[in-house]
Amino acid sequence: MFGFLKGLFGDAKPAPKPVPKPGVKARPAPRPAGKPVMTEDRAKLLKQAQEVHRAKRKILDALSDEDRAKLVSMAILTFLNEGREPDNKK
């Protein structure tokens, strides 16, 4: 049953990290080529996104347990139906 997980994670232990020699400074890892540089505009955009997220989070925190459960079930049904209207034929 767990063969799938063993295939993903394997039984082998990860190789130990190399220990730097004393007196030798380690160079910082090079930045990946696809990673963008943090500019002022990007930093402002991220800060605004965090503020919007906090505001929406406060709205969700104010919901009652019953309303939150209804919202979660509606979200699950929407994902299962892939955005289509659910069939009401039961």
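Reader: Let's start with the outside: how much area does the protein chain expose, and what share of it do carbon and sulfur atoms supply?

Author: Bear in mind that this is a predicted model. In it, the protein chain exposes about 9,800 Å², and 62% of that comes from carbon and sulfur atoms.

Reader: And what percentage of the residues count as buried?

Author: Here the cut-off helps: a residue is buried when its relative accessible area is under 20%. For this chain of 90 residues, the buried share is 0%.

Reader: OK, on to the fold. How many helices and strands does the protein chain have?

Author: You'll find 3 helices and 0 strands. Walk along the sequence and the pattern reads α-α-α.

Reader: How many salt bridges does the structure hold?

Author: The general idea goes like this: side chains of opposite charge can pair when their charged atoms come close. In this structure there are 2 salt bridges.

Reader: Take Arg-57, then. Which side chain does Arg-57 meet in a salt bridge?

Author: Its partner is Asp-61, with 3.0 Å from N to O. Because a salt bridge needs the side-chain nitrogen within 4 Å of a carboxyl oxygen, you can see how that call is made. Both Arg-57 and Asp-61 sit in helix H2, which covers residues 40-61. They are 4 residues apart, or about one turn of the helix.

Reader: Is Arg-57 buried, exposed or partly exposed? And what about Asp-61?

Author: Arg-57 has 40% relative accessibility, so it counts as partly exposed. Asp-61 comes out partly exposed too, at 45%.

Reader: Now the other pair: which helix do Glu-66 and Lys-70 lie in?

Author: That would be helix H3, residues 65-80. Again the spacing is 4 residues, about one turn of the helix. The side chains of Glu-66 and Lys-70 meet in a salt bridge at 3.5 Å, N to O.

Reader: How do Glu-66 and Lys-70 rate for exposure?

Author: The line between the classes matters here: exposed means over 50% relative accessible area. Glu-66 has 53%, so it is exposed, whereas Lys-70 has 49% and counts as partly exposed.

Reader: Last one, about greasy surface. Which residues make the nonpolar surface patch?

Author: Look for Val-72, Ile-76, Leu-77 and Leu-80, which together make a patch of about 390 Å². Leu-80 is a handy one to click on: it is found in helix H3, and its 62% relative accessibility makes it count as exposed.

Conventions:
Residues numbered from 1 in each chain as written. Predicted model: local features only at pLDDT ≥ 70, side-chain atom pairs only at ≥ 80, totals over all residues. Heavy atoms only, no water. Helix = DSSP H or I, 4+ residues; strand = E, 2+ residues; numbered from the N terminus. Buried < 20%, exposed > 50% of the residue type's maximum accessible area, 1.4 Å probe, protein only. Areas by Shrake-Rupley, 256 points an atom, 1.4 Å probe, with all protein chains shown as cover. Patch = residues over 30% accessible without salt bridge, like charges linked within 9 Å, V, L, I, M, F, W, Y side chains within 5 Å.
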